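Below is a short reviewer's note in numbered points. Please read it with the sequence and model open.

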Amino acid sequence: MRWLRLYARSRRIPTSIAAVVIGAVAVWALGRDGAEGPGDPRLPVLVLATGAMAASIGLSGQDLALDRTAAIRWVPRRAAHVLLAGAVVAAVPLAVRAVGGDMATTAFVVRDTAGLMGLAALGAALSGGQYAWTLPFAWLSFALFAPPPTSTPMRVATWMLLPPGAAAGTWTALVLVVVGTVAYAVGGPRR
């Protein structure tokens, strides 16, 4: 049990959880004025992207050389870290919804959290843990300012804003979470 506490501290998990909760509460409080329609996906996506970016800081340890020389199997631990971080990020908006802030459906939250955590894991594998947040941020920025999705490439590009039953959104999120988790679990964070 001690190793789990040390692992959580070395990956800044308590700080990440605090940032996820603070981000969700702040966006929920800002969105309570009712200016957006009930089906507007922008606020829930902002909460989930903020959570994924906050969770991404834990995708690399304090010393990468020490991580690489450890006598433990990192592949299952890295994959579990991404999946558990995604579960925590998804649980916060669902808890806010249970309290009374109807932000998004469960299917929407699960799909977008999976895709965003896959992007964060891919970002860690490509550019290191300190820059893992850049891929979710860049994709979110594009999706928020892109024109309405009328073609399949645009639906793929704006997957996180599509309704939960949209095939393009579901498949894009599934591909992102699989590719990102596998790349991070096998290769680890880049130096």
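**Notes on the predicted model**

1. Helix α5 supplies the largest share of the lining of the second largest pocket, namely seven residues. The model is a predicted one, and the points that follow should be read with that in mind.

2. The volume of this second largest pocket is about 360 Å³. Besides α5, the elements that give two or more residues to its lining are α1 (2-10) and α2 (13-30). In total 17 residues line the second largest pocket, and those nearest its centre are Tyr7, Ile13, His81, Leu84 and Ala85. For background, a probe the size of a water molecule, rolled over the atoms, shows where empty space is left.

3. On the overall fold, the protein chain has nine helices and zero strands. Its pattern along the sequence is accordingly written α-α-α-α-α-α-α-α-α. Of its 191 residues, 44% count as buried.

4. Is helix α3 largely enclosed or open? Ten of its 14 residues are buried, so α3 is largely enclosed by the rest of the structure. The cut-off behind this is a relative accessible area under 20%. The buried positions in α3 are Pro44, Val45, Val47, Leu48, Ala49, Gly51, Ala52, Met53, Ala54 and Ala55.

5. The length of α3 can be checked too. Helix α3 covers residues 42-55, and at 1.5 Å a residue its 14 residues should span 20 Å. The C-alpha atoms at its ends are 20 Å apart, so the expected and modelled spans agree.

6. Which residues form the nonpolar patch on the surface? They are Val75, Trp171, Leu174, Val178, Val182 and Val186, with about 590 Å² of accessible area together. Helix α9 (residues 167-187) gives the most to this patch, with five residues. As general background, an α-helix has 3.6 residues a turn, so residues three or four places apart point the same way.

7. Val75, also a member of the nonpolar patch, is found in helix α5, which covers residues 74-99. The relative accessible area of Val75 is 41%, so this residue is partly exposed; the partly exposed class lies between the 20% and 50% limits. Helix α5 thus appears twice in this note: Val75 is in α5, and α5 gives seven residues to the lining of the second largest pocket.

8. Ser141 sits in helix α7 (residues 134-145). With a relative accessibility of 26%, Ser141 counts as partly exposed. Ser141 and Thr158 are 17 residues apart in sequence, and their C-alpha atoms are 10.0 Å apart in space.

Conventions:
Residues are numbered from 1 along each chain as its sequence is written. This is a predicted model: local features need pLDDT of at least 70, side-chain atom pairs count only at pLDDT 80 or more; totals for chains, interfaces and linings use all residues. Side-chain values use heavy atoms; hydrogens and water are left out. Helices (H or I, at least four residues) and strands (E, at least two) are DSSP runs, numbered from the N terminus. The expected span of a helix is 1.5 Å times one less than its number of residues. Buried means under 20% relative accessible area, exposed over 50%, partly exposed in between (1.4 Å probe, protein chains only). Patches are made of residues with over 30% relative accessible area and no salt bridge: like charges are joined within 9 Å, nonpolar side chains (Val, Leu, Ile, Met, Phe, Trp, Tyr) within 5 Å. Accessible areas come from the Shrake-Rupley method with a 1.4 Å probe; for residues, only the protein chains shown count as cover. A salt bridge is a side-chain nitrogen of Lys or Arg within 4 Å of a carboxyl oxygen of Asp or Glu. On a 1 Å grid over the protein atoms alone, a cavity is a set of points where a 1.4 Å probe fits but cannot get out, and a pocket is an open set with protein on both sides within 12 Å along at least five of seven lines; lining residues have an atom within 4 Å of a point. Grid points are joined across faces, edges and corners, and a volume is the space filled by probe spheres set on the points.
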